[in-house]
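Here are a few short exercises to work through with the model open beside you. Try each task before reading its solution.

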Amino acid sequence: MSEFVITVNSTVDLPKEWLEERQVPVIALKYTIDGETYEDMNGLSSKEFFQKLRDGKMATTSQINPEQAKEALEPFLKEGKDVLHLAFSSGLSGTCNSMMMAAEELKEEYPDRKVIVIDTLCACLGEALLLYYALKRKSEGMSIEEVAKWVEENKLHICHDVTVDDLNHLHRGGRISKATAVVGTMVKIKPIIYMDNEGKLQVIGKERGRKKSLNKIVDMAVEQAKNWKENDIVMITHGDCVEDAEYVAGLVREKMGIDNILINNIGTVIGSHTGPGVVAVFCMGDHR
């Protein structure tokens, strides 16, 4: 059985140390803010980045192109390794398509090697959760085809439950109207968002007040996961609001009975679209 690596995009939003420890190569997207362009995970710190957003600076992001994707994947094939790439949701970026185009080219150039790209239909720590379970199966001795099959069969069981603090970032991203953003901000409305089966973010509800919105996303996760046996970890991301993330973690321990919780800042690319104050819970469940 050939040796293989599992690669991801930087939108996986895991700590760099976590990825390095498990030897997971990361293919980074880029963002531009205040006239400067940075690589996701290697640019501004979360504190610096979100402070710029709070100061009114706008951030824009750019997807990976096929040439960059090919350049990132080819070295592993040259080493005689196969590649399984877990790509950022096609519902949110053209990066997945670029990765697939690169894979097709590389398969022609390296006919003895396998290059599998999976559209995870996940984002942020949803991608991370899928990676966590894929690595677990790889360590159990599954082949690249077996791991890829498991990922394809289970990716829509990765649940993303999200709330944001500032509606204006969603408006800029075309998720809600300007009127909704203005009125919602005035009356402290906090939207409840989930990732649908097409890998797109959908606003599905609203709560009045921050605490209620944080409670709601945990209640959603509890409902989704109640019949799922394998939830041995829950992941929580936040946009420079660690106290809110810790509050959510406490609810997860209390309501889901899970102590293995990973908390990390949302990355700069995804954070460009959510703004500061986002909090999200990621778990496995029967349905999204």
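**Exercise 1.** In which loop does Ser89 lie? Then decide whether Ser89 is buried or exposed, and list its contacts.

*Solution.* Keep in mind that this is a predicted model. Start with the chain: Ser89 is in the loop that runs between β6 (82-87) and α4 (95-109). Next, take the relative accessible area, which is 0% for Ser89. Buried means under 20%, so Ser89 is buried. Finally, leave out residues up to four places away in sequence; Ser89 then touches Asp119, Thr120, Leu121, Cys122, Glu198 and Gly199.

**Exercise 2.** Classify the ring pair of Phe49 and Phe50, then do likewise for Tyr132 and Tyr133.

*Solution.* The whole structure holds 5 aromatic pairs. For Phe49 and Phe50, the ring centres are 5.2 Å apart and the planes meet at 70 degrees. Edge-to-face requires an angle over 60 degrees, so this pair is edge-to-face. For Tyr132 and Tyr133, the centres are 4.9 Å apart and the planes stand at 90 degrees, so this pair is edge-to-face. Both Tyr132 and Tyr133 are buried.

**Exercise 3.** Which residues have the most contacts inside the largest nonpolar core? Follow one of them outward.

*Solution.* This core has 70 residues, and those with the most contacts inside it are Ile6, Leu14, Leu86, Leu131 and Met235. Helix α5 (residues 125-139) gives the largest share, 9 residues. Now pick Met235: beyond its neighbours within four places in sequence, its contacts include Leu14, Leu125, Tyr132 and Phe282.

Notes:
Residues numbered from 1 in each chain as written. Predicted model: local features only at pLDDT ≥ 70, side-chain atom pairs only at ≥ 80, totals over all residues. Heavy atoms only, no water. Core = buried A, V, L, I, M, F, W, Y, C linked by side-chain atoms within 4.5 Å. Buried < 20%, exposed > 50% of the residue type's maximum accessible area, 1.4 Å probe, protein only. Helix = DSSP H or I, 4+ residues; strand = E, 2+ residues; numbered from the N terminus. Contact = heavy atoms within 4.5 Å. Phe/Tyr/Trp six-rings, centres within 6.5 Å; stacked < 30°, edge-to-face > 60°.
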